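User: I am new to this structure. Please pick one part, look at it closely, and then tell me what lies around it.

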Amino acid sequence: MKTYQGTAEVKLVVGNTAAGYYKDIRPNVYIDVSKVDELVKLCEKADGIEVGASVTISNFIGFLENLENLKLEGSTNGGIDVANSSTDGTSVPHVLAAHLKKIASNHVRNWGSVGGNLMMARLYNFESDVATILLGVDAHVKIVSLGSEGNIVTETVRLEDFLGKGALENGKLLQSIWIPIDKQPSKDSQVLFKTFRAAPRPLGFALAFVNAAFFARVSENKSGVVTLEEVRLALGAFGTEHAIRARRVEKHLNGKPLTWDVIFEAIRLLKTDVVPKSGTSKAEYRVSVAGSFLFQFLSPLLEKDSDHVSEFNGLLSSGKQRITMTDEYYPVGQPTVKIASDLQASGEAVYVDDIPSPENCLHAAFVYSEKALAKVKNVDVQEALETPGTVAYISAADIPPKGKNIGLKMAISEARLFATDLVECIGHFMGVMVADSYDHAKEAAGKVKVEYDLKSVGPPILSAKDAMEQNSMFPVHFAVAGETKPIGDIAEGFAEGELKLEDVQVSTESQKHFYMETQTTLAIPDEDNCMVVYSSTQTPDNVQRSIAVALGIPYHNVRVITRRVGGGFGGKVFRSSAIAVACALAAYKLRRPVRTSLDRNTDMCVIGGRSPSTSTFSVAFTKEGRITALKAQVLIEAGYEPDFSVFLPGDFTHALKKYNYGALELDFRICKTNTVPKTAMRGPGQVQGSFLAESIIEHVAARLKLDPEIIRERNFHDISSLSKYYGAGAAGSSESYTLPSIWARLKASMNWVDREREVQQFNEKSTWMKRGLAMIPIIYCNMAGSKSAMVSIFADGSIVLETPGVEIGQGLHTKVRQAAAFALSKLFSKGRGVDISRIRIVQMDSISMANSGITSNSTTSEGCCAAVQAACEILVERLTPTFQMLQAGAPDSEVKWDTLISKAMFMTDMKVHHKYTPKQSFYLNYGAAASEVEINLLTGETQILATDLVFDCGKSLNPAVDIGQIEGAFVQGIGFFMTEGVEIDKDGRESADGTWTYKIPTVDTINKRFHVELFNSPALQERVLSSKASGEAPFLLAGSVYCAIRKAVISARKDRKNWVADSKLADQDSVPDDFRLNPPASMTRIKELCGLDNVELYVASMAASNQNIKLDAQSNSV
């Protein structure tokens, strides 16, 4: 440190885990202090614990647990009976260790240090759990420096004072942390110590909204009166600069006998200590939960036999999959292992970014707008080009004379590549910086100076409401306009209804794709003005076409190769093209290979996501709950370009029509906003449509005070209305309409009646935990498209398949290979046909599989299977004469595949190309799911206790793959309905820009028990091998979780209403079951609906009740 003092920016590091959060802080010098003896010291002394600043959090946890195991523990709660403690024990080491395990992840805890965490809190106001819990035990820190005479100067500072300052002075170093522990407590008093945190994920991987560590020394007299002799209350992460002590509350509680009135005043007083700074998100929620924590800490001392909150126990505990197999199309229908799954698990599977860089390869990083709407006055790249390793800046000015500024070229639409004089959203591409590494390119991109003109364009349009006011619209695409036409006479339908709900508004937010592999491309210039492009895309065809148009060269000069994609979910259907075009343009201009693999933050900023929607509906219905008419206006936020949003009305309508509304009239508006273009996302439109359908059911049920499942059943289609809503072709026969049977099967298999009664009994007994059980159906409309295939048989009998379908993890290659084995084995007796191991399916290549179309809609697998099957049947037909000749020559023996091919290869064409076109473009999937949840009224946290799901995918092509698709889609649906909110600020910047701010489901937020059954549906001759798709429809069934949460909230709100009456406090929310809960049903929204003041109301009601008891006692004594 002395060597570099004053000459460079120095950072002392142990694991440097702070770089994962503070990415822009890049000092000149790093000094590793992970091996300095004095800094890794961990020791237990007579009156406490000393923890070296460089001790990793994992080592600290191990040390604390070892202390517990050796019985070297601090004070316990002894005679104080603390019900439902937040930990298994209340010793200081135990509680600290248990809390530390909820910080970050194992990997981060293994590298991150205790001192480093505290320095982050001190320097950057990091929302540290470590700082809060150490403040709660009155920790001190030791700071050392080198004296003027070369001696070591030591300074001990209270942690609270340490946190309140900035960087340590030059030459000073945090050496250790001292944790005092009283090992000889008073016989007349005992110690209570608990910690708390409220975070989007219970077991780590997320920063807390608020955390706390509370310490109290308490005594209890013979009358059972508990007195607080000493109280220490530490809170953090609530929007404060650093963890604090709630001094006013401590002063109020110290020395007082504990009563409900004392607790009530303490919670009220806490609001004067816990004051989030201006601009803090969810500020009211954080303050409310801080009060909940104080209640949880103090109330067990008064309510020794009362329930409070159960410990989190949400890890997956059981799963069951029920399938019915058939060998009718063997090996189709068998649960064979997915192709290349072993390579994926071992890391050997090659994705685009795994391809070794060719010689002289460069890397590209995007330069994009930081303004939502502005004219571009100037782009200054001079300083950026001086960044080490930087080669060039590529923009629209570099497009070849015959090319076009096109990032996406389709037969039905096109989109620009780079902005020129106007940017229309934050994330609008302006160019790419090209350098010798991605880090250098990214650094250079950050140095590009853009001069914006904001005044001449006016304010940006950031919401559907703004778009409506300014009439900023895209037209609904003509291809889907027919799907949204009215059904029945809307006036007659409303006249028939006895009751009405009018102008009810519900909305959905966007959702990010969050695929494991971000957008990735490698573009390599080839001879003869050609370009070879490796792209992680669902549409190699679009990429080929877009690059060719942008460069002004023929399509056949562009070869796009896609071996596999690390997840797409629709995000690589349209949005991947611009990434590939930018790399290809740079490679074409510089005549050098160029690649990019977007970092997560950039990917989430520029790719868009699911289209948000706002729906306003009016509905008429009878007193029995039969809906007679529905009228709705649906606003879909598209972004600044139409992308896929203009096609959404058709899909939205399909999912909405799962119930029979009688008359139906829909009005769709596609809103042009100054946000990143929204795009296809698993179940596009159908997710939003299904949500609206369930919202309608829930509101009708609330009005009638009936169970929503009753309303659902009363509005199921019969085959007549199903045909009216979807068309006779899609609806099929009454035999193929399996939804009523699925609904009955699910109710019986999950014991609906008993489970519903158990939930009701639980809610009657439990105050702070409420459960909900809900069951929903889906009708999902699939669109089947034409697909082609090429099958080649080699001289050794091995077989190669080529299809236009891209393997994106959905098991397409596995199913196609099974279909080929079935079709090629028709000449042989069962079990003696072509072994599946002889069949290989190769990567998608836009030259050999021209005009390939899109891998989407979950129907590409079945389409490719059908094309391969037909091609193989042509080969079988060609091979039949040779087979019959061989069989006639050896009537007593079985003809072998090898023999057949060796004889036929000289006289038979062993390659077939075939294009399959389905007879019916649309068909329906059916399914139902029931979920049970438990919500915590104090924090809003939700556990999904169980899900039972029955899904009809026809005769499954591969049950193992389909089960995986169903479970994966459902879990992703949990994210949409519970955790994956995308908010936008007043400047047009989305909150979801990385893993710190965007939370997909993890092992601690998914359903604890998950049972899935593939419904044994009848044979469907019109379908491909009697199968149906499975990849998207089950996503919608996660709506059962959302509906279960609504039921739990209703139960909570009824209790709250009683507390209001008992407490005599005013309440503005008088209708407990009439409320709006828009997804995601996050813990903050759940807490708000259960009451940010519910703790105060409860405590006030208890105080009033005790006062009434005293008055009654006095009256009786008189």
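Analyst: Asn857 is partly exposed, at a relative accessible area of 30%. Three words describe cover here: buried is under 20% relative accessible area, exposed is over 50%, and partly exposed is in between, with a 1.4 Å probe and protein chains only. This is a predicted model, in which local features need pLDDT of at least 70 and side-chain atom pairs count only at pLDDT 80 or more, while totals for chains, interfaces and linings use all residues. Residues are numbered from 1 along each chain as its sequence is written, and side-chain values use heavy atoms, with hydrogens and water left out.

Where does Asn857 sit? It is in the loop between strand 35 (844-845) and helix 27 (860-889). Such elements are DSSP runs, numbered from the N terminus: helices are H or I with at least four residues, strands are E with at least two. The backbone of Asn857 stands out too. Its phi is positive, about 65 degrees, although it is not a glycine. Most residues other than glycine have a negative phi.

Asn857 leads straight to an annotated residue. Glu1032 is in contact with Asn857 and also with Ser858. Contact means heavy atoms within 4.5 Å. Beyond neighbours within four places in sequence, Glu1032 also meets Arg682, Gly683, Pro684 and Tyr780. UniProt, in an unreviewed entry, places the feature "active site" at Glu1032. A caution goes with that: UniProt positions use the numbering here, feature names are shortened, and annotations may be inferred rather than shown by experiment. Glu1032 lies in the loop between strand 39 (1009-1014) and helix 30 (1033-1036). It counts as buried, at 9% relative accessibility.

Arg682 links this spot to a second annotation. The unreviewed UniProt entry marks Gln538, Phe569 and Arg682 as "binding site". These residues span 145 residues in sequence, yet no two of their C-alpha atoms are more than 12.7 Å apart, so they gather at one spot.

Take Phe569 next. Its place is the loop between strand 26 (558-562) and helix 17 (576-590). It is partly exposed, with a relative accessible area of 27%. Among the residues it touches are Gln538 and Arg682, both named in the annotation. Other contacts include His513, Tyr515 and Gln972.

Gln538 is buried, at 3% relative accessible area. Its loop runs between strand 25 (530-535) and helix 16 (540-551). Its contacts, not counting residues up to four places away in sequence, include the run Gly568, Phe569, Gly570, Gly571, Lys572 and Val573. Val806, Ile808, Gly853, Ile854 and Thr855 are touched as well.

Now follow those two loops into their helices. Helix 16 and helix 17 pack at an angle of about 40 degrees, and their axes are 9 Å apart. That makes helix 16 oblique to helix 17. Axes are lines fitted to C-alpha atoms, for helices over the stretch in contact, and angles run from 0 to 180 degrees between N-to-C directions. Under 35 degrees is roughly parallel, over 145 roughly antiparallel, 65 to 115 roughly perpendicular, and the rest oblique. The crossing is right-handed; that is, the near helix is turned clockwise from the far one by less than a right angle, while anticlockwise would be left-handed.

Which residues of helix 16 make the contact? They are Asn542, Val543, Ser546, Ile547, Ala550 and Leu551. Helix 17 answers with Ser576, Ser577, Ala580, Val581, Ala584, Leu585 and Tyr588. By class, nine residues are nonpolar, four are polar and none is charged. Nonpolar covers Ala, Val, Leu, Ile, Met, Phe, Trp, Tyr, Cys and Pro; charged covers Asp, Glu, Lys and Arg; the others, Gly among them, are polar. An α-helix has 3.6 residues a turn, so residues three or four places apart point the same way.

The positive phi of Asn857 has a counterpart elsewhere. Asn360 has phi near 65 degrees. It lies in the loop between helix 10 and strand 14 (362-368), and is partly exposed at 47% relative accessibility. Glu359 is in that loop between helix 10 and strand 14. At 68%, Glu359 counts as exposed. The C-alpha atoms of Glu359 and Pro593 are separated by 7.8 Å, though their positions lie 234 residues apart along the chain.
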